[in-house]
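Good morning, and thank you for the time. I should like to take you briefly through one structure and two places within it.

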Amino acid sequence: MPDLAKLDAEELRAIVAKAAESHEDVARAVRLAAERDSGGLTQLRAEIDGGLRTRQFLGYHESGEWALQAEPILEGIREAVQTAPSAELVALIERAISHVVKTILHADDSNGLIGGLAHDLLDLHAEACDAGVADPLKLARWMVRFRFDDQDFFEADPVRYATALGEVGIAAYRREVDQRRQSGDDSFASKYAVERLAIVDGDTDTIIRLLGGDLTRPYQFIRVAEAMEELGRDDDVLTWATRGIAETTGWQVTQLYDLAVAVHTRSGESKAVLALRKDQHIAMPSSSTYNLLRSAAEATGAWGSERPAARSVLERENLGGLIDVLLSDGEPETAWQVTVQHPDLDAGEQRWMRLAEAREAIEPGEALSVYLRLADVQLETTGRSAYQRAVVILKKASRAATAANRQAEFDVHMADLRERHRRRPTLISLLDNAKLG
């Protein structure tokens, strides 16, 4: 078993997938039990009770192991949902969800694997209910109890369950929520339930009131537009996204442009997409908006005529963004000239590094000067990580010095650097190991 504490989430998920394959015998036994009549669910329940609950606190390492061991049981549940959905199976999945939620309340789930199991179980629960096997009244009561009483991490979305609930179940869910609100419950769960019921009802006025608020900030328009998108009302999506673009500012406006573009994309209106991306680039000029505009223009064959204007916008409003797109477009000389023409430009360390790396093949001496300056910036901070970054840059500087026939100058610089930082033994050791100076 690898040290899970040293793995990131993606690596852990890969291990989960591999573990599921290696536990095929367990999953097969669970599937066979689930494929029998309802009495066969006894074995599945035993697997759930034995493998999806624990009374021990799970640290980070133990949480990962626990999630790995639980995955084959979910595979068995998944197979049962696909082959033999039933009311009994719905109740069994609810039991499994309860076990996992109780476990996560006593675990370090920083890697999100146990939470992932809970989400997967909720998806399987909804899928089983879609088969029409769940009692609408029982389902409504479970949804309210699960969200309001049992935990506050996961949602049982009435929009997702609308088909399984039907009119009777929706009415019961609404009554339960209303009773809690009348009793003074003003929690996030309560507000969320009311908002989602408005979408179930397709009630435009209530959606706007609940999700839009005073309609002064981008995210309020985003929420209304996304609700309209969920309802399949593209005209309303476009109306609210366009209004939000016109009436608000800030980085979230990007999402409003994306929502409007999605409407035009669905309807095949490529010229309208291009117009929106042009407007966005003018309003929020950056390398990102430039690339979005380029994609839209290329789709209509108009990029050749649009590119000069797009670059002019960056030249006026965002020189750093202009440098980025010039480098990305394979024009390092033009990108370098931007810094020459604007000597006071604060391009940022990462951008200067990209410029130096691109410049090195053309004028290694100019790249050398940038590398040395960037290394000095790193050494303004103490600590091994800063020293390591500086050493990486100084290696690039040494290479550029050799290419520019300025090794003697580099050696002088290194001697001075060592003298200035002689009281940093870790740095001196790293320079020695790298054979720098």
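I shall speak about an internal cavity and then about a single residue. Please bear in mind throughout that this is a predicted model.

Let me begin with the cavity. How many cavities of 30 Å³ or more does the structure hold? There is one, and the volume of the largest cavity is about 40 Å³. Its lining is formed by Met143, Val144, Arg147, Phe148, Glu155, Ala156, Tyr173, Ala189, Tyr192 and Ala193. Two elements each give two or more residues to that lining, namely α7, which spans 136-150, and α9, which spans 188-201. Of these, α7 supplies the largest share, with four residues. As for chemical class, eight of the lining residues are nonpolar and two are charged, while none is polar.

I turn now to the residue, Val100, which is located in helix α5, residues 87-104. Is Val100 buried or exposed? Val100 has a relative accessible area of 0%. The cut-off for a buried residue is under 20%, and Val100 is therefore classed as buried.

Which residues does Val100 touch, if those up to four places away in sequence are not counted? The contacts are with Leu52, Trp66, Ile114, Leu117, Ala118 and Leu121.

Finally, a distance along the chain and through space. Val100 and Ile208 are 108 residues apart in the chain, and 36 Å separates their C-alpha atoms.

To close, the two items to keep in view are the cavity of about 40 Å³ and the buried Val100. Thank you.

Definitions and conventions
Residues numbered from 1 in each chain as written. Predicted model: local features only at pLDDT ≥ 70, side-chain atom pairs only at ≥ 80, totals over all residues. Heavy atoms only, no water. 1 Å grid on protein atoms, 1.4 Å probe; cavity = no way out; pocket = protein on both sides within 12 Å on 5 of 7 lines; lining within 4 Å. Points joined across faces, edges and corners; volume = space filled by probe spheres on them. Nonpolar A, V, L, I, M, F, W, Y, C, P; charged D, E, K, R; others polar. Buried < 20%, exposed > 50% of the residue type's maximum accessible area, 1.4 Å probe, protein only. Contact = heavy atoms within 4.5 Å.
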